[in-house]
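Hi,

Here is the structure I promised to pass on. Have a look at it first, and my notes follow underneath.

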Amino acid sequence: MGQLKFVVSILFIAIFTVAVVAYVSNFATDNNANINLGDDEAFTTVNSSLRGQMVVFSRDINDSSSGLTQSTAAPAADVFKSPSVFQNLRFTRDSVSTVLELMRTKVFGGNPAFFIVIATISTFLVFKAVVYIYKTFKSGDPD
Amino acid sequence: MPLYTIPNGTSGIDTTLIETMESVPSFIPALFFFIFMVIFLGGTSSQRKRTGSSDTPMWATIAGLSVLMVALPLTLTAGLVDTVTLSILVVITIASGFWFFLSRSRGEAF
């Protein structure tokens, strides 16, 4: 997964989360449901913070677009500095931590078992990465 | 003494469901789990049968959204779904989407 694909995946995760939470809470508000997800403070906080992070992402994209069209390269310059929207990854870090925090509080109730699950998944991913690197080094084709 | 109170079946299916839920509190969560697993396992196994491989994250997302669609009408009446169950359902759907979007490989469209 390339870096651009990774950022787009995180963006889709944030949009998906906002869409699901907004749909469920608006359904309850529109139909006067007895059980309203909007009563839960954690979901409203996640919704508003993800929306704020997407505004930051949009501003970064616009700044990068301006940087692309208005940048200049000095003659004989060795390094061309590209815009930083896919380098600082501020949006991805903030939105992923927001969604993971929601999972931790709601599914695990703030229990430390969540970190055990995350550590297990991370270990598995690291193992896969090591196997891929080894296979690439040995045969040149990771698959 | 009976093991549980037999629900009154003459006053509408909503009352029957609520009284069943009062006697067996795990009734609705078990129903959600059943629907989720039927869609998830049925989808993955049939796709594997047809194409040779299955897109597990996609079927997890579809199953989560389907269960959410079933759960939403049940929130209109008090006594069927509580806030904790609905919260866990929403978070499982979001987690399935998390898995789905990160599982797309290079060159594969969303």
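A word on terms before anything else: helices here are DSSP runs of H or I with at least four residues, strands are runs of E with at least two, and both are numbered from the N terminus. Keep in mind, too, that this is a predicted model.

On that count, chain A comes out with five helices and zero strands. Reading from the N terminus, its elements go α-α-α-α-α. The chain has 143 residues, and 19% of them count as buried. If you take the contacts in chain A with a separation of 6 or more, 58% of them come from residues 24 or more positions apart.

One residue of chain A to click on is Ser122(A), which you will find in helix 5 (residues 113–139). Is Ser122(A) buried or exposed? A residue needs 12 or fewer C-beta neighbours within 10 Å to be called exposed. Ser122(A) has 11 inside that distance, so it counts as exposed. If you want a distance to try out in the viewer, go from its C-alpha atom to that of Ser65(A): they are 34 Å apart in space and 57 residues apart along the chain.

Now to chain B, and a pair of helices there. Helix 3 (residues 56–74) and helix 4 (residues 83–102) of chain B pack with their axes 8 Å apart, at an angle of about 155°. Angles over 145 degrees count as roughly antiparallel, and that is therefore how helix 3 and helix 4 of chain B run relative to each other. Their crossing is left-handed. On the helix 3 side, the residues making the contact include Pro57(B), Gly64(B), Leu68(B) and Ala71(B), while helix 4 brings in, among them, Leu86(B), Val90(B), Gly97(B) and Phe100(B). Sorted by class, this contact between the two helices of chain B has 13 nonpolar residues, five polar ones and no charged ones.

The two chains also touch each other. How many residues does each chain put into the contact? Chain B supplies 24 and chain A supplies 25. On the chain B side, helix 4 gives the most, with 13 residues. That side of chain B splits into 14 nonpolar, seven polar and three charged residues.

Finally, the confidence scores. Chain B has an average pLDDT of 87, and 94% of its residues score at least 70. For the complex, the predictor gives an ipTM of 0.84 and a pTM of 0.77. Where pLDDT is low, the predicted coordinates should not be read in detail.

Cheers

How values were computed: Residues are numbered from 1 along each chain as its sequence is written. Chains are lettered from A and ligands numbered from 1 in the order in which they are written. This is a predicted model: local features need pLDDT of at least 70, side-chain atom pairs count only at pLDDT 80 or more; totals for chains, interfaces and linings use all residues. Axes are lines fitted to C-alpha atoms, for helices over the stretch in contact, and angles run from 0 to 180 degrees between N-to-C directions. Angles under 35 degrees count as roughly parallel, over 145 as roughly antiparallel, 65 to 115 as roughly perpendicular and the rest as oblique. A crossing is left-handed if the near helix is turned anticlockwise from the far one by less than a right angle, and right-handed if clockwise. Two residues are in contact if their C-beta atoms, placed from the backbone, lie within 7 Å. Ala, Val, Leu, Ile, Met, Phe, Trp, Tyr, Cys and Pro count as nonpolar, Asp, Glu, Lys and Arg as charged, and the others, Gly among them, as polar. pLDDT is the predictor's confidence in each residue, from 0 to 100. A residue is buried if 20 or more other C-beta atoms lie within 10 Å of its own, exposed if 12 or fewer, and partly exposed in between; C-beta atoms are placed from the backbone.
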